[in-house]
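Let's take a walk through a protein together, one piece at a time. Have the 3D view ready and turn it as you read.

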Amino acid sequence: MNLPKIPLGKGVEWIENWLTTYFGPVFDIIHAVIGGMVSGIDAALNFLPAMVLTLLIAALAYWIGKWRMALFAVVGLLLIDNLGLWGPSMQSLALVLTASLLAVVIGVPLGVLCAQSRTFQNIATPILDFMQTMPAFVYLLPAVSFFSLGVVPGVIASIIFAIPPTIRLTNLGIRQVSPELVEAADAFGSTAGQKLFKLQLPIALPTIMAGINQTIMLSLSMVVISSMIGAQGVGAYVYRAVSQAKTGAGFEAGIAIVIIAILLDRLTQKLFKSKPQE
């Protein structure tokens, strides 16, 4: 059968042009806000000398994960500085922290809505499936159209790619709260807000934190992909090394990303485990 092709691509491009034409000022505001956040975090990370920030992070690691974590932080961060990748690493960390923070701010309330409304969950589930299965490179195209080149479209693409675990696990954690506890709260006359903030969210916190941890890791995995559209940082070093076939430079940049990933992963995991649930 020789059926005519469905103009799906043209439809998507029409929607993209329509949004660009009528919502340009909105995208400009979003661009300014996200760009300001990344610049602010980057400036804060580079405000102190590398050695001082390393010692502060090591102290935090010792408080959260004891001496092994602190030792790894010192050795890992000093290695990054020794390789001459401190500045680019802080740029990438600023991008990851901005994307993760916005993903959590947006994702947790959406997860709560999914838990409170089965209709909203049924609508959100296929959208989240789409977001998680669509290749991350595809997100770069509309992000570049709406926000031009640079770090901002990288943050937007990272949020879209990384936000589903936070929404899914917030929803799951709240739904796993014992119905008997919810009934007891109802019996004592708790309002919906009291049930949510004093019962459901505290009990669901381990599951929510697992989702946030996954979101941070997924945001970090977008560092190299974001460099393809102009986002600076250590990901750009990896991309440049691949395009120029420089194995050694690519390995050094890759080691820096691995150290940051391990630090973020262990710190976010142990941060919650060190606080026993009441």
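Start with helix α6, which gives seven residues to the lining of the largest pocket, the largest share of any element. Keep in mind as you look around that this is a predicted model. The largest pocket holds about 610 Å³ of space, and 19 residues line it. If you want to find its centre, look for Val12, Phe130, Val138, Tyr139 and Pro142, the lining residues that lie nearest to it. Helix α6 covers residues 136–147, and it shares the job with α1, α5 and α7, each of these elements giving two or more residues to the lining. What kinds of residues make up this lining? There are 16 nonpolar ones, one polar one and two charged ones.

Now step back and take in the whole protein. It has 12 helices and zero strands, so if you read the elements from the N terminus on, you just get α again and again: α-α-α-α-α-α-α-α-α-α-α-α. The C-alpha atoms fill a box of roughly 65 × 65 × 40 Å along the principal axes. The protein has 278 residues, and 41% of them count as buried.

Next stop: the second largest pocket. Its volume is about 520 Å³, and its lining is made of 19 residues. Nearest its centre you'll find Leu60, Leu93, Leu97, Leu264 and Leu267. Which helices supply at least two residues each to this lining? They are α3 (50–82), α4 (86–116), α9 (192–221) and α12 (247–273). By class, the lining of the second largest pocket has 17 nonpolar residues, two polar ones and no charged ones.

Let's zoom in on one of those leucines. Leucine 60 sits in helix α3. Is leucine 60 buried or exposed? Neither, really: its relative accessible area is 41%, so it counts as partly exposed, because that label covers everything between the 20% and 50% cut-offs. Leucine 60 also lets you compare distance along the chain with distance in space. Isoleucine 262 is 202 residues away from leucine 60 along the chain, and their C-alpha atoms are separated by 15 Å. Now try another pair: leucine 271 and alanine 231 are 40 residues apart in sequence, with 29 Å between their C-alpha atoms. Leucine 271 belongs to helix α12, and with a relative accessible area of 31% leucine 271 is partly exposed.

Time to look at the outside. On the surface there's a nonpolar patch formed by Trp14, Ile15, Trp18, Tyr22, Phe23, Val26 and Ile30. Together these residues have about 720 Å² of accessible area. The patch draws two or more residues from each of α1 (8–22) and α2 (24–45), and α1 gives the largest share, four residues. Isoleucine 30 is found in helix α2. How accessible is isoleucine 30? Its relative accessibility is 31%, which makes isoleucine 30 partly exposed. That value is enough to let isoleucine 30 into a patch, because patch residues need over 30% relative accessible area.

Finally, let's turn to the charged side chains. The model has three salt bridges. One of them joins aspartate 129 and arginine 168, whose closest N and O atoms are 2.5 Å apart. Aspartate 129 lies in helix α5 (residues 118–133) and arginine 168 in helix α7 (residues 151–175), so this pair ties together parts that are 39 residues apart in sequence. Aspartate 129 is partly exposed at 35% relative accessible area, and arginine 168 is partly exposed too, at 27%.

Another salt bridge links aspartate 186 and lysine 195, at 2.9 Å from N to O. Here the partners have different labels: aspartate 186 is partly exposed at 40%, whereas lysine 195 is buried at 17%. Lysine 195 gets that label because buried means under 20%. You can also find a salt bridge between arginine 266 and aspartate 265, with the closest N and O atoms 2.4 Å apart. In this pair arginine 266 is partly exposed, at 35% relative accessibility, and aspartate 265 is buried, at 12%.

Technical notes. Residues numbered from 1 in each chain as written. Predicted model: local features only at pLDDT ≥ 70, side-chain atom pairs only at ≥ 80, totals over all residues. Heavy atoms only, no water. Salt bridge = Lys/Arg side-chain N within 4 Å of Asp/Glu carboxyl O. Buried < 20%, exposed > 50% of the residue type's maximum accessible area, 1.4 Å probe, protein only. Patch = residues over 30% accessible without salt bridge, like charges linked within 9 Å, V, L, I, M, F, W, Y side chains within 5 Å. Areas by Shrake-Rupley, 256 points an atom, 1.4 Å probe, with all protein chains shown as cover. 1 Å grid on protein atoms, 1.4 Å probe; cavity = no way out; pocket = protein on both sides within 12 Å on 5 of 7 lines; lining within 4 Å. Points joined across faces, edges and corners; volume = space filled by probe spheres on them. Nonpolar A, V, L, I, M, F, W, Y, C, P; charged D, E, K, R; others polar.
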